[in-house]
Structure formats: C-alpha cells, structure tokens
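Here is a friendly tour of a structure, with a few places worth a look. Please keep the viewer open as you read.

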Amino acid sequence: MPIHEESLIRPENLRKHEELNIDNVDVSGHWSTFIETRSVADYNENLEREISAFPGGAYIHRCWQCGACTNSCTVNAINPDFNPRYWIYLARLGMEQELLRDKEIIWQCVSCHRCTHVCPRDVEPEGVMKALSHWLEAKGHTPKSQSQHFDEEFYQQILETGKIEEGRIVRNFFNRTGQPLKQPWLIRMVKNLIRGLPIMLMFKMGLSTLFRPKTKDWSKSKHSIEELIEMRELERKKILEGNEAS
Amino acid sequence: MSQSVLVVGGGPAGLSAAKSLASIGQNVTLVEKEEILGGAPILSGYAKLVPSGEWASEAIGRMVRSAENSKSIKVHTSTKVTELTGEPGNFSTKLSNGTEVSVSSVILATGFTHFDSVNKPEWGFGSHPDVVTTTQVEQMISSGKGVHCPSDGRKPDRVAILLCVGSRDRQIGREWCSKICCTVSANLAMEIREELPKCSVYIYYMDIRTFGLYEGQYYWRSQEEFKVKYIKARIAEVTFDGKRVLLKGEDTLVKRPISIPFDLVVHAIGMDPNIENQDISRVFGVELEPHGFIQRAPAYDSIAGTSRAGVYVAGAAVGPETIDDSIAQGQAAAMAALGMATNAA
C-alpha cells in the first residue's frame, strides 16, 4: 500500500519505484512508495523450550509481559531498542526471525540484575538474557563472544587440573581471540609485579606453569563433572535439534 | 407452607433453589421449557466443569436426580408459564400445560442463551466447517468422540481459540464481558492438549479475565504445564487457504501482522440474555436492564430481588454467571422465597 510516513518503516521494508504505473494510472513520485508485505506466518513451537534449556532461561514461561524488566533496565535507558520484555515475548511465542533481528544487541546486557529484582513473576530476566546469548551462539547465529571464550578456557582448565593458572588462562584467552600477548596494560602489570621481587610467588608460578599440578584425587571429581556436563549437553542438543522425547 | 413456590428454569440456579426449599419441606413447582432438566450444562453437553473438573453429566446429573426424587418438588418439563397474577405471598399462575398453581412467590432462574457466532461472519463460522464454538468442542469431548475437525474428521495439529466472540463488542451491541469464557477456554485448551499432546493450542485474546483463584488454576497452569500459548491479538478475519483455515490479525505486542493457518478455529462464545427475556419480562412483570438481562433490585436492600415484589431471580438470568455462583444465588433466592412463604402463612 502507498505510504508517506516513511520514518516509521524499517528501511528494508520500504519499496520505492522511480516510475510506476498501476492500471494505467501514473503514480510516480510521492505515491510510489510501498511497504513490503510482511506477516507472522509461523511460530517455532520449540523456541521457548530451547531457550529454557540454557542456564538462566528456566523461568521464561512465567512472564506476563508487564514490562517491569524493560522499565528498570540499565541498558534500555541508553538504547531504547534493548528490550528484555519484548525478547521474552518473542521467545515464548516462537517468533525466531523477529528475535534474530536484535541479535547484535541482545548480548549487551550488563548483568546489573535490576530486572530480576523488580520482576513480579520471578522470571529472572537477567538469566534469560544470558540464556538468549548462549542460544544465539549455540545455534550459530552469532560468533562466540569474548566472555564465552574466557569462560570456556576457565572451566576447561578447572576440569583438567581442578585449579586455574592465571598466566595460562590469559595466554590461551588472547590466543583464542587473536589478541597479541604484549598488551601495554599487561606489560605494566608484570613490571609492577616484578619490582617488588616476590621470589616465592614467582617460584610457585614457574612451578605451576611447568608442571601443572593437579588437585589431590582430582581424577574422580573430573570424571563425575565430565559425566554431568556430557549429560546436560546431550539433553540440550536434543532440545535444540527438536528431537526431545515429549 | 401448603402454598407452593414457583421456580422457573431447571438449570443449576433453579435446581439449587428448588433443592434448598425442598430441604426444609417447602413445596416447589419447578417449570422447565425443555424436555429435560439440567439447563445449559446438560442441554449443551458440557464436558468437564470449572472449577471442580467433574463431568457436567455427573455433577449436574446429581442435582437433576435430587430434584426429580424429591417429594416436595413437582417438576413440569416442556412447559412454560403463561400468566402470573395476584399479590406477593398469594400469586396465582397458569402453565402452558393447563395447570393452575397458587404460589407464594416466584424464582426466575431463566438463564441465558449462547451467542450465535453467525452474527460475526468475518470469523468464518458457518462458512467453513472447521470453525466451531466452545460449546461444540465441549460436545466433542463429552460425547467421547474426541476433538476433531468436522470437515474430514482428522485430529488437528493446531487449534486457535478466539476469545470475546459475542462479548465486549459494540459492533453487535454486546458490550458486556461474558465473564466465564477466558476460564472455560483455558480449561478447554488444557483438555485438548491432554487428549492430543502433539497439538498446539493458541489463545487469541484482548485481555485475560481468569478472575480470582482461576488465575493460577487455569491461566498459569495452562501455560506452565500444558504449554498453551496466549497471543494478544483480536483476529480481523478468518478465511480459508484451500487446505486450512487462515487467521489474520495483528500481534499487538510486537506490532506485527499475523497470517497463520490452523486446523481448527474455536470461537469462545459469550452469554447473551435469554432470547425469551422480552416474554419473560411481560409475563412476570419484571424489568430488564439495558443489555436485556433481568434487572436486579439493589443488592444492599433486598435478597435476590427483581423490580417486582415477590418475584426473585438467580443465576445467569441477571447477567453472565458461573455455575457455582448460580447455585449460590439459587440458594439465596430460596431464602427470599422462604421468607415470603413464612410471612404469608
């Protein structure tokens, strides 16, 4: 249909014609701009289940769309397009394409937890935002975020040895994310550290770097944690592929 | 107490009033225009009732049997009241079967009429067989046939329930909320999901009015346990795409048009004033309120009163009402009738 309130329409939905003739009527000019017909033609029945399979998303089904989360949101105050209430609605109904439109801003949640404190239905919207981000990554809609790389490196080390070795985490994190190790702030920090000549600390750090000591009796714990993780990931995989036995 | 009390209507309200009066030995004349007692839950074949979850045939059936077996209740089925004369405490009434009865008071439990969906042609009822009403789905369940598409008998994969059909609609002169349809629809949605776990059920609403305790029991239970989806949209039109019924509307929470196929579309029909209320008003000399229901006397100053002394009212005759509240109002009207009978004696 012809329109003139162009500013209200998303640019990708505008259809303009230099010259247009409809049924022998010349409508070139002002009346030749149209909106692309678009409508919801299907729901992804599985979407709510998918999101709730990620940590933090378990209570998404409770939402009644009051908007308290969006009203209290720190990020929304800066960017009105950042709207947790809206995304929860899309996720619950299965409007996946509409949700993906905002994939570039969903991950911007700063985890201030104000939404979770005001939510009258205990939806825990902050958790939902995490779940949404992880869902975007798991489905391949967005590349892994830096924090996701960091988390993975962190828990993999714990899984291997029961401990973390900061030097290794930083090195591997920079390596995974393609950042140079020689970062000005890091060099400054190490210089400051060395200035105090912490001989014992440096000795311990060197030792852990070379020998990677493990927590005592770690293999048992490692085994059961691995089992648990494997189980959870298998469950999630089934849900994401829609093969869940219902 | 030799004089009888006239109870008009054999649904939940009328049965409850009759039973209450009979329980203390008051004679009752129960008049029902249909061939059997039970009112809408029996005549329209409701399935499981809100909030008890009991089958209507069992729960209301017990009330019917209790009235039929009572020595104090004289039942006239297939009968209407044609005349009411006299004074409060000493009325005389004529029935269409020729009987004349002297009664101390009258209880109107004349109920409602289901909205006829044909009056909303844009929603496809009557033009496509797979557009049905909540009453029809109740019948599918209560008859044991199960939920199916009337066009070819297949089990639906997707069902849409449209709320406020015949309610809250100025276009067709029905501005009232029918009060029970939200809860009934949530209940029905759960029954559909229970019978057909693979079938998705969507409820299109303007507001959800599962009032009071129904909030948890129906609105949230249907979402959390039964995964029923609620979409805030009033459907603009229901058409047919050659294969399935097509819903068109706008999801108002995302400002986006909807155009979605469904196997079965269910109208959550509202409660109209009893279609015979003009006659009832004339015969019993009671006024109607502006929507066409029976006018109730001010609640603070009367028990179950109407505009005419000695004529009482209970249940959906005064406006959309739940079954449980109709039963309670029947008991209140019985109290009023008993007071009149005692004073007249």
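## Two unusual backbone spots

Glu124(A) is buried, because 22 other C-beta atoms lie within 10 Å; a residue is buried with 20 or more such neighbours, exposed with 12 or fewer and partly exposed in between, with C-beta atoms placed from the backbone. This is a predicted model, in which local features need pLDDT of at least 70, side-chain atom pairs count only at pLDDT 80 or more, and totals for chains, interfaces and linings use all residues. Residues are numbered from 1 along each chain as its sequence is written, while chains are lettered from A and ligands numbered from 1 in the order in which they are written.

Glu124(A) sits in the loop between helix 7 (114–118) and helix 8 of chain A. Helices (H or I, at least four residues) and strands (E, at least two) are DSSP runs, numbered from the N terminus. Ser78(B) is exposed, with 12 other C-beta atoms within 10 Å. Neither Glu124(A) nor Ser78(B) is a glycine, yet each has a positive phi:

| Residue | Phi | Loop |
|---|---|---|
| Glu124(A) | about 55° | helix 7 to helix 8 of chain A |
| Ser78(B) | about 50° | strand 3 (73–76) to strand 4 (81–87) of chain B |

Another backbone feature is the cis peptide bond between Val50(B) and Pro51(B), with omega about -5°.

## A helix pair in chain A

Helix 4 (residues 84–93) and helix 8 (residues 125–138) of chain A pack at about 60°, with axes 11 Å apart. The two helices are therefore oblique to each other, the class left after under 35 degrees (roughly parallel), over 145 (roughly antiparallel) and 65 to 115 (roughly perpendicular). Pro84(A), Trp87(A), Ile88(A) and Ala91(A) of helix 4 meet Pro125(A), Val128(A), Met129(A) and Leu132(A) of helix 8. Residues in contact have C-beta atoms within 7 Å.

## Where chain B meets chain A

On chain B, 14 residues are in contact with 13 residues of chain A. Helix 6 (214–224), strand 11 (229–232) and strand 14 (256–262) of chain B each give two or more residues to that side, and strand 14 gives the most, with 5 residues.

Pro261(B) belongs to strand 14 of chain B. With 16 C-beta neighbours inside 10 Å, Pro261(B) counts as partly exposed. Pro261(B) touches Asp241(B), Arg244(B), Val245(B) and Leu246(B), leaving aside residues up to four places away in sequence. Arg244(B) is 17 residues from Pro261(B) in sequence but 5.7 Å away in space, C-alpha to C-alpha.

Terms used:
Two residues are in contact if their C-beta atoms, placed from the backbone, lie within 7 Å. Axes are lines fitted to C-alpha atoms, for helices over the stretch in contact, and angles run from 0 to 180 degrees between N-to-C directions.
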